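Here are a few notes to read alongside the model. Have the viewer open as you go through them.

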Amino acid sequence: MLDLVASNTTVKGITLRLPPVLPSARAITLGVAVTLFLLLCVLPIIYMLGVSFVGRDGSFSVGNYRQLLIDARQRELLLTSTLLGAGTALLATIIGAPLGVLLARTRLPLKRMLRIALVIPLVVPPYVSALAWILMTGSTGFIARWFGSDLLSAWTYSLTGAILVLGTSFFPLSMLATEAAARRVNGRLEEAGLLIASPGRVLWRITLPLIAPTVAAAALIIFVLALAEFGVPGLLRVRVFTTEVFTAFSALYDFGAATALAVPLLAVALIVSIIAKLIIGERLLVARRNLHPGLVLRLGRWRAVVIGFLAIILAASVVLPLSTLAIEAGQLERIIFALGTSGDAIFNSLYLSTIGATLTCALAVLLGYGRARSGARLRGLVDLLLIVIFAVPSTVVGVGLIGLWNRPGLVGAIYTSQTIIVVGYLARFVPVAALMLAASVRQIPVSVEEAAEVAGASWWRTLTRIVLPQMRTGLAAAWVVSFIFCFGELGATLLVAPPGESTLPVRVYTIIANTPPAEVAALALLQVGIILIPLALLGFFSHGERGAR
Amino acid sequence: MNKQDLAPHVRRVIARQPLVLCALGLVLAGATATCHRQQSATDIPPNQASNEVTIYVSTDRVFSEPILRAYEQKSGVRVNAVYDTEETKSTGLANKLLAEKNRPQADVFWSNEPVRTLVLKKNGVLASYDSPNAEGIPGIFRDPENYWTGFSARSRVIAYNTNLVKPEDAPKSIFDLADPKWKGQVAIADPRFGSTSFHVAALYAELGDERADDYFRRLKANDVKIVPGNSVVRDMVARGEVKLGLTDTDDVNVALEAKQPVAMVFPDHDGIGVPVMPNMVSMIANAPHPEAGKRLIDYLLSPEVERMLAQSEAVQIPLHSGVEGPKNIPALRSIKPMTLDYSKAADRLEDVSRRLQPILGL
């Protein structure tokens with residue numbers, strides 16, 4: 001209903017101010033955003049799908065799809081992948097969502113530092129976390145040596161082990177999304193609830209239902225990330241479907257077959273998204289600008305439990321893996337040496353990721369806005385499209401980008417410059433940022449835009465002065481997540497990067513093979529340290545927190 | 001709450017921040033495009049003597065970069081390099097070269113193993129070039145049609161943990177790895193990738209399908225551990241998680257340099273021999289700087305480069321006779337290389353990968 005009113009008002013606004021033949025500023029801006037999205041994110045995938053329908057003799061063929069999923073082996077791998085994704089999403093949400101609520105709704109000591117510490121697992125490459133866990137719990141790991149017997153290795157090298165490693169790597173995504181959503185919940189609703197109900201009941205019946213769609217969106221993103229992961233399962237000897245796609249690329253060099261093999265993964269992502277949508281729906285009430293502190297949970301006797309929970313999470317996801325790596329790395333000199341020889345790569349990574357994250361959020365905020373303000377049916381389709389695009393393996397995106405951008409003229413000039421790396425970031429991460437930001441836009445009532453419209457403000461002015469400031473927390477969270485994703489991007493960057501020094505992950509990756517484990521550990525620690533510096537600065541100097549919370 | 005106390009102009013700036021950031025981002029992106037634009041390869045007409053050359057390198061960067069820098073110093077030609085690693089499973093330069101086939105950006109491809117070069121040859125990515133410096137490299141390491149030339153080689157080896165296995169007990173043949181004595185104590189890298197894929201394809205070409213299938217079935221029954229890469233095999237042997245592993249000379253050398261309890265055996269000296277894997281260098285078809293590319297290939301095939309690669313931690317075995325070999329590795333004449341038709345082995349790659357999937361439960 002609200003959406004209907006909004007679009008009517010807009011139409012009236014246009015007829016009042018502009019000749020009807022000219023499209024509105026809103027239509028132009030959103031049109032440009034959608035066009036960019038189609039060009040950057042969708043076209044490479046369509047290109048690759050096209051390739052997958054070309055037979056060996058160059059004519060149309062469905063040969064690449066005919067063999068799909070007919071043998072039991074592939075079906076079993078797909079099931080393992082799905083279980084890995086679902087298990088990881090569940091574990092990450094069980095850990096991350098309560099943390100998000102705690103950060104948004106309780107008075108905790110050292111909250112800013114705590115938040116930064118809890119984001120660390122996300123910036124450690126999952127492959128490195130897996131390595132750290134093997135060093136701890138493998139058959140010759142620290143634990144086996146201390147206890148003199150091999151207690152945990154069977155458990156480490158299993159699907160459960162892979163879920164635990166990935167779950168403890170990805171939970172900060174759920175935490176950040178939950179916190180941003182919980183901060184946006186209208187305090188008045190909760191305060192009204194508190195008049196007649198206990199804080200716990202208010203939390204369960206008002207706050208949580210309001211943030212559920214965001215928590216579910218984060219869980220879906222985590223599901224897709226775990227589905228796409230093959231480094232961790234490989235190391236922990238779990239066979240997953242994703243390896244099939246990469247086998248087709250780097251053992252068989254068959255682009256068409258590789259793309260066709262990615263389709264079952266996309267189908268799983270699609271089916272899980274639809275199920276999630278059916279269960280959660282869009283139980284979203286419009287929230288007002290949040291001047292009310294709303295629900296503040298007093299921990300009371302739960303304080304010890306909460307602190308214990310935090311200590312366990314921090315120990316398992318940050319302290320243990322990082323100190324294992326530090327012990328393995330041994331001397332500080334190694335890290336300093338690694339730092340000294342990686343200056344250009346560090347610089348490239350920092351500035352390319354900054355540009356990448358900023359442009360990703362700029363484009364995603366417009367897409368998220370368009371998605372949130374469109375009709376319910378279209379909205380559902382857009383969500384599914386975004387999640388499926390995000391699930392496309394990075395190599396498929398990389399090869400698609402080469403096919404599209406390596407041509408004469410201006411486009412080729414972009415391909416042969418570092419700009420193509422940023423294009424790769426956008427192609428991979430705009431969909432996920434748009435999903436996160438759409439949730440934030442949905443929490444801003446259409447009525448405030450209508451009020452601005454009535455008062456004579458242009459749409460652009462309304463967007464920049466009313467909508468964006470209100471979604472500040474969500475925007476900051478999306479920027480941080482995009483930055484971390486861009487900084488860690490490897491699959492597409494390896495393929496499209498021009499000659500010359502590339503990014504830090506590419507550097508680490510290309511020198512990792514012939515390097516003793518100690519130096520790999522040093523490089524991994526370095527990468528974590530570098531990415532934490534901008535995040536820590538952002539955390540300390542941002543105005544994201546309001547005094548009342 | 002304190003937000004309310006801010007002066008109105010500060011609020012305005014905060015409100016506009018996202019836009020300012022967008023604008024800044026766009027300006028920066030534009031600046032990057034212009035400043036960092038590599039002189040686009042195709043802007044220069046071919047055949048004109050060029051001051052730069054582009055090479056894609058899959059030999060590990062720590063070893064290849066110093067050699068390319070030395071060439072820059074010597075020739076005054078700028079070398080633009082893209083590096084990669086053999087362990088790459090997600091992607092790889094071969095995929096980049098295949099995808100760029102219609103508009104090549106590279107002049108030269110330097111691969112650290114034969115497989116990818118042979119795949120690229122089959123797909124028409126390479127051009128023929130007979131370098132004068134290929135003289136002196138044994139014929140089995142050179143393509144009869146000159147699409148590639150081999151130099152500095154590595155070998156497949158059995159690595160063992162010296163704390164757990166006495167040298168006299170260490171297996172002398174890869175067929176011993178299927179002996180129940182070593183049940184659960186052997187690691188190999190995923191045979192669909194990298195040098196292990198070459199090794200298994202060579203075994204199928206040498207033994208025939210039936211015997212090779214049988215060997216891998218017995219390995220599987222012996223509970224062989226299949227891990228992502230050769231460096232993981234080495235680390236597992238070094239930590240004692242397994243007693244034995246099949247890996248490459250250069251990987252083992254990393255452990256030797258780090259004083260880890262690892263030693264290696266060149267297997268099957270009295271039998272089928274061991275696969276020796278040269279680096280391979282090739283010209284790219286329709287390369288933007290063909291002449292500069294040829295000069296770089298000449299340099300890479302010189303005894304000087306073989307000496308540098310032998311003395312570095314890459315411990316590559318020189319193929320030019322008269323070049324001193326690396327200290328931890330026996331010379332080429334003292335090991336028995338498998339007599340291999342490289343293109344025959346390469347033809348088996350795809351089919352062997354598919355064949356092994358059910359046998360090894362991949």
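1. Contact first: two residues are in contact if their C-beta atoms, placed from the backbone, lie within 7 Å. Leaving aside neighbours within four places in sequence, Ile222(A) is in contact with Thr88(A), Ala89(A), Ala92(A), Phe170(A), Leu173(A) and Ser174(A).

2. A caution: this is a predicted model, where local features need pLDDT of at least 70, side-chain atom pairs count only at pLDDT 80 or more, and totals for chains, interfaces and linings use all residues. Residues are numbered from 1 along each chain as its sequence is written, while chains are lettered from A and ligands numbered from 1 in the order in which they are written.

3. Ile222(A) turns up again in the largest nonpolar core, which has 283 residues. Ile222(A), Val224(A), Met436(A), Ile55(B) and Val108(B) have the most contacts inside that core. (A nonpolar core is a set of buried Ala, Val, Leu, Ile, Met, Phe, Trp, Tyr and Cys residues joined through C-beta atoms within 7 Å; buried means 20 or more other C-beta atoms within 10 Å of a residue's own, with C-beta atoms placed from the backbone.)

4. Now look at helix H8 of chain B, residues 249-257 (helices are DSSP runs of H or I, at least four residues, and strands runs of E, at least two, numbered from the N terminus). Eight of its nine residues are buried, among them Asp250(B) and Asp251(B). The buried residues of H8(B) pack against strands E5 (149-161), E8 (244-248) and E9 (262-265) and helix H7 (230-239) of chain B.

5. After H8(B) comes Lys259(B), with a positive phi near 60°.

Terms used. Buried ≥ 20, exposed ≤ 12 C-beta atoms within 10 Å, placed from the backbone.
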